[in-house]
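Walk me through how the helices in this model pack together, and how the chains meet.

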Amino acid sequence: MSQQRISLRDPVKAAFLAWLVPGLGHYYQGRKGKALLYAICILGLYLVGFALGEGKIVYWRWVNPLNNPEKFAPHYIGQFFVGLAALPALIQGTIRHFSPDSNFLWGFMAEPPQNVLNGMILRLNKILEIGVIYTTVAGLLNILAIYDAYEGPAYIDLDEAEAEAESEAEAARAASNGAKVEGAV
Amino acid sequence: MGSFSNVYWLVLPLVVAISLVYSASRHEAWPRIWSRSLRLCLWILAILIGTRAILLLINTQV
C-alpha cells in the first residue's frame, strides 16, 4: 500500500536503526521530520523517566519469572525497545549473572542492591513508579516507530482521500439505485 | 521530591508523547499527524479526567 509511494530504502536495516536509536531509521529513510519527532518524544520520555528514577530503574536480572517472580524485572521488556539507551542494562544483567562481583562500567545500569531500592521506594514513592512508566512506555512507543520504519505508515493522505471518495461514490450509487427501484415500484 | 507537589501533571507529557508517536506511525502528512494527535490527546485526557471525576464522586459519596 504505502510502500509503493514512500521510499523505505532497506526496511530491515531501517527497522534495526529505529530500534538502535529512536528516529535513526526514519532519518536513514530520509523522513527527517518524523525522525526528529520520534527522537524527541521517545528519547525525551525515556530520559525524563530515567532521571526521575535517579538512573536506577533500568536494569535486568536473568531469573525465571515462574520460579522467582519477585526478582523478575518485567518493565525491562518494554525499556529494551528504546535500544542503545537501555542496552547497558542487558549487558550488566548478563555479566552480573555470570560474575556477581563484577564492577563493569562502574555498575552503570546494574541492578541496584535491595536496600537501595527499598530506600528509593520510601523516598520517591510515586515519582519512582512514574519513572518506570515513562521509560517503559518510551520503549513500547518505539515499537510503533520500528514498525513504521519497516512497513511505512498505515495511511497516507492519498489513500485516505481515495477511500473517502470511493465510499462517497458508493453511497451516491446506492442512493440512486434506491431511487430507481422506488420509481419502478 | 517536594517539587512535584502534584504528580498528576506528569501524565500530560506522557499523553502528548503517546498521541504524537501513535499518530505519526499511522499517517505521513504533517497536517494530519498534528490534527489526529490533538484529537487523540484530547480523547485520552477526557477519558482520564472523566474516570477521575467518577472515582472521586464514588469516593466522596460512599
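Start with two helices of chain B. H1(B) and H2(B) pack at an angle of about 140°, and their axes lie 8 Å apart. Angles over 145 degrees count as roughly antiparallel, and those of 65 to 115 as roughly perpendicular. The angle here therefore makes H1(B) oblique to H2(B). The crossing of H1(B) past H2(B) is right-handed. Keep in mind that this is a predicted model.

Which residues make this contact? H1(B) brings Val11(B), Val15(B), Val16(B), Ser19(B), Leu20(B), Tyr22(B), Ser23(B), Ala24(B) and Arg26(B). From H2(B) come Ile33(B), Arg36(B), Ser37(B), Leu40(B), Cys41(B), Ile44(B), Leu45(B) and Leu48(B). By type, 12 of the contact residues are nonpolar, 3 are polar and 2 are charged.

Now turn to the partner, chain A. Chain A has 8 helices and 0 strands. Read from the N terminus, its elements run α-α-α-α-α-α-α-α. The chain holds 185 residues, and 33% of them are buried. Look next at its contacts with a separation of 6 or more. Of these, 64% join residues 24 or more positions apart.

Where do the two chains meet? The contact takes 24 residues from chain A and 18 residues from chain B. On the chain B side, helix H1 (11–26) and helix H2 (30–61) each supply at least two residues. H1(B) gives the most to this side, with 9 residues. The chain B side divides into 13 nonpolar, 2 polar and 3 charged residues.

Both chains also appear in the largest nonpolar core, which has 44 residues. Helix H1 (11–20), helix H3 (32–52) and helix H7 (126–151) of chain A each supply at least two residues of this core, and so does H1 of chain B. H7(A) gives the largest share, 11 residues. Which core residues touch the most other members? They are Cys41(A), Ile42(A), Leu141(A), Ala145(A) and Val21(B).

Take one of these, Ala145(A), as a closing stop. Leave aside residues up to four places away in sequence. Within chain A, Ala145(A) then touches Ala18(A), Pro22(A), Tyr38(A) and Ile42(A). Across in chain B, Ala145(A) touches Val21(B) and Ser25(B). Two of these neighbours, Ile42(A) and Val21(B), are also listed among the core residues that touch the most other members.

Conventions: Residues are numbered from 1 along each chain as its sequence is written. Chains are lettered from A and ligands numbered from 1 in the order in which they are written. This is a predicted model: local features need pLDDT of at least 70, side-chain atom pairs count only at pLDDT 80 or more; totals for chains, interfaces and linings use all residues. Two residues are in contact if their C-beta atoms, placed from the backbone, lie within 7 Å. Helices (H or I, at least four residues) and strands (E, at least two) are DSSP runs, numbered from the N terminus. Ala, Val, Leu, Ile, Met, Phe, Trp, Tyr, Cys and Pro count as nonpolar, Asp, Glu, Lys and Arg as charged, and the others, Gly among them, as polar. A residue is buried if 20 or more other C-beta atoms lie within 10 Å of its own, exposed if 12 or fewer, and partly exposed in between; C-beta atoms are placed from the backbone. Axes are lines fitted to C-alpha atoms, for helices over the stretch in contact, and angles run from 0 to 180 degrees between N-to-C directions. Angles under 35 degrees count as roughly parallel, over 145 as roughly antiparallel, 65 to 115 as roughly perpendicular and the rest as oblique. A crossing is left-handed if the near helix is turned anticlockwise from the far one by less than a right angle, and right-handed if clockwise. A nonpolar core is a set of buried Ala, Val, Leu, Ile, Met, Phe, Trp, Tyr and Cys residues joined through C-beta atoms within 7 Å.
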